[in-house]
Amino acid sequence: MIEEVKKHLKKVNNFKTQDLSELESFRIEYSGKKGVLNNFFISFRNVPKEDKKQFGKELNLLKNAVSEKIKSFKGEINIVNEVGANGDLFRPGLVPDSGTRHPLSIVRNRIISIFSKIGFNLSDGPEIEDDWHNFTALNLPEHHPARDMQDTFFIQTNPDILLRTHTSSVQVRYMESNSPPIRILSPGRVFRNEAISSRSHCIFHQVEGLYINKDVSFVDLKQTLQYFTKALFGKSTIRLRPSYFPFTEPSAEVDIYWGLETETDRRITKGTGWLEIMGCGMVDPNVLINCGIDPEEYSGYAFGMGIERIAMLLYQVSDIRMFFENDLRFLKQFKPHT
Ligand code: DAH
């Protein structure tokens with residue numbers, strides 16, 4: 001009988017498994033109700049008195065060996081299951097799915113980096129503005145018809161407070177508290193009360209540029225714009241079309257020559273080859289005076305563009321609403337430009 005217990009002890013010590021169900025059969029074979037251990041305990045009665053001590057000792061050894069085996073293999077199998085079927089603890093971990101930058105952020109960052117190379121610093125201002133900074137200081141006094149160019153969201157209880165309609169408000173704030181030379185770029189969110197369609201949205205983004213110094217001329221403006229369009233679009237043929245903005249005089253709209261080579265070129269330029277990308281001009285002396293800068297001493301240029309419009313041209317996106325719908329299938333296509 002003792003010999004038999006010893007035989008089982010050897011068998012238990014040699015037992016190995018990687019498999020939970022095999023371990024479970026092992027457990028039932030030894031520790032189950034009708035298992036080996038119980039059978040030995042039952043037969044303990046029949047063991048001759050003089051062997052009882054030795055038999056008990058061997059039986060305890062077997063019992064401990066069985067529970068040790070079950071415990072250690074259970075731990076190991078769980079680790080193996082967590083790590084992977086082949087149990088390779090050095091296998092690389094699962095890489096979490098990382099997000100991508102929003103196309104508007106990519107374009108904004110590119111514009112910032114292009115202008116920062118020629119000395120433009122970033123500046124920002126509040127999205128909830130007052131009438132002075134958004135309109136009056138920019139040469140748009142009350143009842144000026146040009147206010148209708150930008151349908152405005154006013155705060156109902158205080159018509160002096162509004163959601164800024166353009167980032168030009170930032171140039172006023174900056175000129176009020178800094179003296180020339182000034183060279184700033186202000187990207188930001190703007191708001192207009194417009195019907196949402198494939199070409200317009202109530203919330204969109206602009207970048208405004210402002211340069212004030214002695215003897216700044218229209219030539220400086222044109223050079224800067226050519227540098228910019230070459231860097232962003234790879235095209236430096238531009239034309240400045242006379243236009244009107246209350247805060248600049250003279251004012252112009254900037255078109256770049258896009259080309260007429262492909263069907264798409266023809267479609268997006270409506271058969272002309274030219275595309276409008278922004279507004280610009282020489283800062284109106286009235287604006288300088290309103291902001292405490294002497295127009296006899298200083299002059300400057302300003303320009304403003306819509307980030308959505310630029311992104312639509314760069315990525316050939318035909319509907320502005322795509323930028324606001326957070327559809328991952330759309331957003332995942334954009335990679336930062338290096
Ligand atoms: N603020 C203009 C708009 O929202 C854009 C603009 C045009 C800004 C000409 C300027 C500028 O600084 O000179 O339509």
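**Entry 1: Lys11**

In which helix does Lys11 lie? I found Lys11 in helix α1, which spans residues 2–14. I note at the outset that the model is predicted.

I then looked up the exposure of Lys11. Its relative accessible area is 48%, so I recorded Lys11 as partly exposed; the class of exposed begins over 50%.

Next I listed the partners of Lys11. Setting aside neighbours within four places in sequence, I found Lys11 in contact with Glu29 and Tyr30. With Glu29 the link is a polar contact from side chain to side chain, at 3.2 Å. I also checked Leu62, which is 51 residues away from Lys11 along the chain. The C-alpha atoms of Lys11 and Leu62 are 9.9 Å apart.

**Entry 2: the ligand site**

Where does the ligand sit? I located the ligand in the largest pocket. Four elements each give two or more residues to the shell around the ligand: helix α7 (168–177) and the strands β6 (203–213), β9 (274–283) and β10 (299–306).

I counted 16 residues around the ligand. Those that come nearest are His166, Ser168, Arg192, Gln206 and Glu208.

I then went through polar pairs that involve oxygen atoms of the ligand. For Arg192, an N or O atom of the side chain is 2.7 Å from a ligand oxygen. For Glu208, a polar atom of the side chain is likewise 2.7 Å from an oxygen atom of the ligand. For Ala302, the partner is a polar backbone atom, and the distance to a ligand oxygen is 3.1 Å. On its own the ligand has 350 Å² of accessible area, of which the protein covers 91%.

**Entry 3: His166**

I returned to His166, one of the residues that come nearest to the ligand. His166 is placed in the loop between β4 (158–163) and α7.

Is His166 buried or exposed? I recorded His166 as buried because its relative accessible area is 2%, and the limit for buried is under 20%.

A polar atom of the His166 side chain lies 3.0 Å from the backbone oxygen of Asn134. Beyond neighbours within four places in sequence, I found His166 in contact with Asn134, Leu138, Gln150, Val190, Arg192, Gln206 and Phe247. Among these contacts, Arg192 and Gln206 also appear in my list of residues nearest the ligand.

**Entry 4: cis peptide bonds**

Which peptide bond leading to Pro181 is cis? I noted the bond from Pro180 to Pro181, with omega near 0 degrees. Pro181 is in the loop between α7 and β5 (182–191).

I noted a cis bond from Glu249 to Pro250 as well, again with omega near 0 degrees. Pro250 belongs to strand β8, residues 248–257.

**Entry 5: positive phi values**

I looked up two residues other than glycine that have a positive phi.

For His143, phi is near 70 degrees. This residue is found in the loop between α6 (131–134) and β3 (154–155). I entered His143 as exposed because its relative accessible area is 71%, the threshold being over 50%.

For Asp215, phi is near 55 degrees. The location of Asp215 is the loop between β6 and α8 (218–233). With a relative accessible area of 72%, Asp215 is therefore exposed.

Note on methods. Residues are numbered from 1 along each chain as its sequence is written. This is a predicted model: local features need pLDDT of at least 70, side-chain atom pairs count only at pLDDT 80 or more; totals for chains, interfaces and linings use all residues. Side-chain values use heavy atoms; hydrogens and water are left out. Buried means under 20% relative accessible area, exposed over 50%, partly exposed in between (1.4 Å probe, protein chains only). Contact means heavy atoms within 4.5 Å. A polar contact is a pair of N or O atoms within 3.5 Å; within protein, one must be able to donate a hydrogen and the other to accept it, and residues adjacent in sequence count only if both atoms are side-chain atoms. A residue is near a molecule or strand if one of its heavy atoms lies within 4 Å of it. Accessible areas come from the Shrake-Rupley method with a 1.4 Å probe; for residues, only the protein chains shown count as cover. On a 1 Å grid over the protein atoms alone, a cavity is a set of points where a 1.4 Å probe fits but cannot get out, and a pocket is an open set with protein on both sides within 12 Å along at least five of seven lines; lining residues have an atom within 4 Å of a point. A molecule sits in a cavity or pocket if more than half of its atoms lie within 2 Å of its grid points.
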